[in-house]
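Please look over the sequence and the structure below before reading on, and keep both in view. The paragraphs that follow move from single residues to the wider arrangement of the chain.

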Amino acid sequence: MLEFLIAVTLSATIHFENCLGRIGVYISPSGVISIVRHESPAEKAGLLKGDKVVQVDHKKTRTKDIEGEPGTVVDLTIERNHEQFEVQIERIDYRLIRKD
């Protein structure tokens with residue numbers, strides 16, 4: 001039994017380290033959100049199509065910086081209707097985000 005638990009734990013750790021964490025959005029090169037996936041962390045945080053990502057982790061953004069390790073949090077500064085606000089979103093394994 002102990003060997004089984006060690007094998008399962010080790011397997012889960014290796015699997016987790018090889019994952020890419022995302023929040024469930026597609027972003028144009030100009031930083032505008034074009035798609036927010038249904039039931040994604042981004043949708044749950046209130047992001048909308050047309051929102052603009054101004055900063056990622058308090059730095060001028062490269063949209064690729066939104067990706068990271070699953071379970072980590074990304075701080076986004078969003079512009080909507082000429083007003084800015086901040087939101088924190090936990091990244092999840094990209095394979096868990098619905099594609100519909």
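A good place to begin is Gly 68, which sits in the loop linking strand 5 and strand 6. This is a predicted model, and everything said about that loop is read from the predicted coordinates. If neighbours within four places in sequence are set aside, Gly 68 is in contact with Leu 20, Gly 21 and Arg 91. Its C-alpha atom is separated by 9.5 Å from that of Asp 93, although the two residues are 25 residues apart along the chain.

From this loop one can step back to the whole protein, whose secondary structure comes to two helices and eight strands. Read from the N terminus on, these elements follow the order α-β-β-β-α-β-β-β-β-β. Of the contacts with a separation of 6 or more, 45% are accounted for by residues that are 24 or more positions apart.

How are the strands arranged? Four strands make up an open sheet with the order 5-4-6-7, and their pairing is antiparallel. Strand 5 (59-60) and strand 7 (83-90) stand at the edges, where each has a single partner strand, so one side of each is left without a neighbour in the sheet. As a general point, strands of a sheet pair through backbone hydrogen bonds, and they may do so in a parallel or an antiparallel way. Strand 6 (residues 73-80) and strand 7 run antiparallel and are joined by eight bridges, and Arg 80 stands opposite Glu 83 in strand 7.

Thr 77 is found in strand 6, and this residue counts as buried because its relative accessible area is 6%, while the cut-off for buried is under 20%. Apart from residues up to four places away in sequence, Thr 77 touches Lys 52, Val 53, Val 54, Gln 55, Gln 84, Phe 85 and Glu 86.

Another pair of strands forms a hairpin: strand 2 and strand 3 have five residues between them, and Gly 31 in the turn has a positive phi of about 95°. These two strands run antiparallel and are joined by three bridges, with Val 36 in strand 3 as the bridge partner of Val 25. Val 32 lies in the loop between strand 2 (25-27) and strand 3 (33-36), and at 30% relative accessibility it counts as partly exposed. When residues up to four places away in sequence are not counted, Val 32 touches Tyr 26, Ile 27, Gly 50, Asp 51 and Lys 52. The C-alpha atoms of Val 32 and Val 54 are separated by 8.9 Å, with the two residues 22 residues apart along the chain.

It remains to look at the interior. In soluble globular proteins, nonpolar side chains tend to be buried together. Here the largest nonpolar core has 13 residues, and those with the most contacts inside it are Ile 23, Leu 47, Val 53, Leu 76 and Ile 89. Strand 4 (52-56), strand 6 and strand 7 each supply at least two residues of this core, and strand 6 gives the most, with three residues. Beyond its neighbours within four places in sequence, Leu 47 has a list of contacts that includes Ile 23, Val 25, Ala 42, Leu 76 and Ile 89.

Taken over the whole protein, buried residues make up 29% of the 100 residues. The accessible surface comes to about 6,800 Å², of which 55% belongs to carbon and sulfur atoms.

How values were computed
Residues are numbered from 1 along each chain as its sequence is written. This is a predicted model: local features need pLDDT of at least 70, side-chain atom pairs count only at pLDDT 80 or more; totals for chains, interfaces and linings use all residues. Side-chain values use heavy atoms; hydrogens and water are left out. Two strands pair if DSSP finds at least two bridges between them. Buried means under 20% relative accessible area, exposed over 50%, partly exposed in between (1.4 Å probe, protein chains only). Contact means heavy atoms within 4.5 Å. A nonpolar core is a set of buried Ala, Val, Leu, Ile, Met, Phe, Trp, Tyr and Cys residues joined through side-chain atoms within 4.5 Å. Accessible areas come from the Shrake-Rupley method with a 1.4 Å probe; for residues, only the protein chains shown count as cover.
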